Amino acid sequence: MKKFSILLVLLFGLSIAPAITFAADCPDKVTWDGVELKKGQIGRVLIQQPTTIYKNNNGNFEPFRTVKPGDNYRVYANKSTYYHLGGGLVIKDDASILYQTPSKSKLSQLNCTPAPTTSFMISDSISTVTNKLGAAKKTVANEFGAITGIYHNNYDKFYAISTLSNKISSLYTKDKSFQVNGISVSNTISQLENKFGKSYETSGNTYPVEIITYSTPKYEANFFIDVHNDNKISAIYLVDYQLINNNPNLYPKKSTTLETGYENLLFDLINAERKAHGVQVLQSAPKAADVARKHSADMGKNDYFNHNNLKGESPFDRLEKGGVQFRNAGENIAMGYTDPYFAHEALMNSLGHRKNVINTAYTHVGVGVYFVKWTHGSIPYYTQNFIKP
């Protein structure tokens, strides 16, 4: 599908980078001073003086091994005057050992319960989605001439799902509980390669890799990579081949309905991103959106790409001219990305634009999209105006 054919993005405006946090995951392994903590472990004993480990043989403690200072052993129970080391082995609680317990945070990681996976997939009935997620919060037009339903819980567990013949035909998500072939958001590239292999396409085969695309038998699987978070997967986007084949033209036809759909989806993508980073979601700013829309149209109609327009007006000038009151303001612009998912993820991999998207200095955002007619369809121009009134 190659939705990343053109990459032109700039940054201008006030920007304060907030602390970036991610929702807690269950780690693959928890270590304590370099040694792995095991399930059920409550502590450890450090050997201070030569002493004996005993084997519990039907209630009788028989000498099993002599241990020396510097050795350490996991403890799974503390009963009476003995620490239980697992496998029927015990050690006496006396001056020859030092007992220690892990921190509460270590125990919390150790006892972490993974979130249940969300069970629906491409070609499944849309009823499997509504049974799990409830009704869509809204629907927007997409470039395939279909409708995309937006599902979330105050922007947590975010999904954008389109249908074909009442079946799931595309699915974008930032929900860490969703899995495809054992891979979910926040997994690493190496984990992805272990499950899907190393035969894939990337965004121009550049480094750092921002998009990894696999051609599976039934659908195209796009994994967006967050280069600012240890190259972990930031979102998953699956598209049924039937949907692609029904719309072979890469660039969609110009449509006011589609422009509005892109604006609504980008607004939701911004808020889903902010939710994932623990930042307060933004409110809609209709006047700022009108300013953004006019700038996108001006860039497209007059064939330029810049934060300052051809009259020399800055984003701040345009906001003031549009009757938008603000104390803080910032702007992101992009063009050429043929759907909002690729535009949004590209902006997040550009540090300056990322700061605007998750900036705690803003409370509102207005998004404006304009399609410029082209020989092969049309090219979208995107403008995001972030403000705090």
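Q: What pLDDT does the protein chain average?
A: This is a predicted model: local features need pLDDT of at least 70, side-chain atom pairs count only at pLDDT 80 or more, and totals for chains, interfaces and linings use all residues. Numbering starts from 1 along each chain as its sequence is written, and side-chain values use heavy atoms, without hydrogens and water. pLDDT is the predictor's confidence in each residue, from 0 to 100. Of the residues, 90% score at least 70, and the protein chain averages 88.

Q: Over which residues does pLDDT stay under 50?
A: Where pLDDT is low, the predicted coordinates should not be read in detail. The model still has 93 contacts beyond four places in sequence for this stretch; a contact means heavy atoms within 4.5 Å. The stretch is residues 2–24.

Q: How many residues has the largest nonpolar core?
A: A nonpolar core is a set of buried Ala, Val, Leu, Ile, Met, Phe, Trp, Tyr and Cys residues joined through side-chain atoms within 4.5 Å. Buried means under 20% relative accessible area, exposed over 50%, and partly exposed in between (1.4 Å probe, protein chains only). Phe158, Tyr172, Phe224, Tyr237, Tyr341 and Tyr382 have the most contacts inside the largest core. Its residue count is 41.

Q: Which element gives the most to this core?
A: Elements are DSSP runs, numbered from the N terminus: helices (H or I) have at least four residues, strands (E) at least two. Those giving two or more residues to this core include strands E14 (156–164), E19 (232–240) and E23 (377–388), and helices H5 (256–276) and H8 (340–348). With eight residues, the element that gives the most is H5.

Q: How many residues are in the other core, the one with Met121?
A: This core lies apart from the largest one. Among its residues are Met121, Ile189, Phe223 and Ile225. The count is 27.

Q: In what order do the five strands of the open sheet lie?
A: Two strands pair if DSSP finds at least two bridges between them. The pairing in this sheet is antiparallel. E6 (60–67) and E8 (77–79) are the edge strands, each pairing on one side only. The order is E6-E5-E10-E9-E8.

Q: By what angle are neighbouring strands of this sheet turned against each other on average?
A: Axes are lines fitted to C-alpha atoms, for helices over the stretch in contact, and angles run from 0 to 180 degrees between N-to-C directions. For this sheet, direction is ignored. The average is 35°.

Q: Which residue in the hairpin of E5 and E6 takes a positive phi?
A: Seven bridges join E5 (residues 51–57) to E6. Asn56 stands opposite Phe61 in E6. Two residues lie between the strands, and the positive phi, near 55°, belongs to Asn58.

Q: In E10, which residue is the bridge partner of Ile53?
A: E5 and E10 (residues 89–92) pair in the antiparallel sense over three bridges. The bridge partner of Ile53 in E10 is Ile91.

Q: Which side chain is in polar contact with that of Ser162 at 2.4 Å?
A: Ser162 lies in strand E14. At 0% relative accessibility it counts as buried. A polar contact is a pair of N or O atoms within 3.5 Å; within protein, one must be able to donate a hydrogen and the other to accept it, and residues adjacent in sequence count only if both atoms are side-chain atoms. The partner at 2.4 Å is Ser170.

Q: Is Asn222 buried or exposed?
A: Asn222 is found in E18 (residues 219–226). Its side chain makes polar contacts with the side chains of Thr213 (2.8 Å) and Glu220 (3.2 Å). Because its relative accessible area is 1%, Asn222 is buried.

Q: How many of the eight residues of E18 are buried?
A: In a regular strand the side chains alternate between the two faces of the sheet. On one side of E18, Tyr219, Ala221, Phe223 and Ile225 are buried. On the other, Glu220, Asn222, Phe224 and Asp226 are buried too. The number is eight.

Q: Which residue of E19 stands opposite Phe223?
A: E18 pairs with E17 (residues 211–215) over five bridges, where Phe223 is the partner of Ile212. Eight bridges join E18 to E19, and these strands run antiparallel. In E19, the residue opposite Phe223 is Ile236.
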